[in-house]
Amino acid sequence: MFCFCFNNSVDSAQKTKEQAAIKHPIPQLPAQHKQTDSAKKTKEQQIRYLPAVDEQTEVIRELRDLPPVHYLFKIQNFSHLLNAKRQSFQSSDFVVAGYTWRLRLSHYPKGNKNLMNEKQYLSLYLRLLESSSLPKDKEIDVFFQLFVYNQVQDNYLTVQGRVRRFRGIKSECGFDELLPLDIFKDESNGYLIKDRCVFGAEIFVLDFRNIRRGESVSVVKELGDNSFTWNIQNFEKMKEVHYKSEVFAIGGHKWSLKIYPNGDPGKS
């Protein structure tokens, strides 16, 4: 006697991975500026002069080894920017997610006259160039991170905040207090070496109104009996090409089993 059992169970898992290609090469630094692993500062030592999380402004600062995936902005002769009468400097245009952006670098109190803090900071902003041409009811929700490359430690200071909304009258968002200017200018901190520095950006445009993927799951306390047993007598005497079991119901669907005692002739 042969016994066939059928089980209907579903266990699915889906994993997605996105990998962005870096269009701009990571700057190669002279060997004399790099330290050995034993001489490198800990992450806590590198950002000891800044709060990791600013609850008032919702700004988060952290360090990471990977460069930004969307844009690198390298500046040479940075001191010329500080000495010039102009209070800010902008990068070239770059495209991310179908929109054109720029980075704007500044320092205040000269760079931002609305701020009352007299201590000078390096400021970095992300600007959307097409905002004036957007329809009046068009808004773009964006999560972005801005970066400063540490040429000594070979890692990146990463600064991020909450999701920002860009629209016609609000074309620029960023961080007024990215880094204290004296900390940035001190070569021992690694951000400005031989008057050169590197900034970067990662930009993710969010569309909350067009969510097409989702799933609804109902969990039961006990699973039903999702099995069927087909008892076959005298299997060796079966002469037909194939045999079918009776129809049975599992999971709201009807099923049946088919057996070929001598194999499926159509598969040979």
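**Exercise 1. Determine what share of contacts in the chain, between residues at least 6 apart in sequence, join residues at least 24 apart.**

Solution. A contact requires heavy atoms within 4.5 Å. Among contacts between residues at least 6 apart in sequence, 65% join residues at least 24 apart. The model is predicted: local features need pLDDT of at least 70 and side-chain atom pairs pLDDT 80 or more, whereas totals for chains, interfaces and linings use all residues. Residues are numbered from 1 along each chain as its sequence is written, and side-chain values use heavy atoms, with hydrogens and water left out.

**Exercise 2. Describe the aromatic pair of Tyr71 and Phe94.**

Solution. Step 1: rings of Phe, Tyr and Trp (its six-membered ring) pair if their centres lie within 6.5 Å; planes under 30 degrees apart are stacked, over 60 edge-to-face, and the rest tilted. The structure holds 11 aromatic pairs.

Step 2: for Tyr71 and Phe94, the centres are 3.9 Å apart and the planes differ by 10°, and the pair is stacked.

Step 3: Tyr71 belongs to strand E4 and Phe94 to strand E6 (residues 94–96), so the pair ties together parts 23 residues apart in sequence. Helices (H or I, at least four residues) and strands (E, at least two) are DSSP runs, numbered from the N terminus.

Step 4: Tyr71 is buried at 8% relative accessible area, and Phe94 is buried at 6%. Here buried means under 20%, exposed over 50%, and partly exposed in between (1.4 Å probe, protein chains only).

**Exercise 3. Classify the pair of Trp101 and Phe166 and identify its surroundings.**

Solution. Step 1: the ring centres of Trp101 and Phe166 lie 5.5 Å apart with planes at 85°, so the pair is edge-to-face.

Step 2: Trp101 is in strand E7 (residues 99–108) and Phe166 in strand E11 (residues 164–166); the pair links distant parts of the chain, 65 residues apart.

Step 3: Trp101 is buried, at 0% relative accessible area, and Phe166 is likewise buried at 0%. Both residues belong to one aromatic cluster with Tyr99, Phe144 and Phe175.

Step 4: the C-alpha atom of Trp101 is 4.8 Å from that of Leu128, 27 residues away along the chain. Leu128 is found in strand E8 (residues 121–128) and counts as buried at 2% relative accessibility.

**Exercise 4. State the sign of phi at Asn77 and locate this residue.**

Solution. Step 1: most residues other than glycine have a negative phi.

Step 2: phi of Asn77 is near 60°, a positive value.

Step 3: Asn77 lies in the loop between strand E4 (71–76) and helix H2 (78–83), and Asn77 is partly exposed at 44% relative accessible area.
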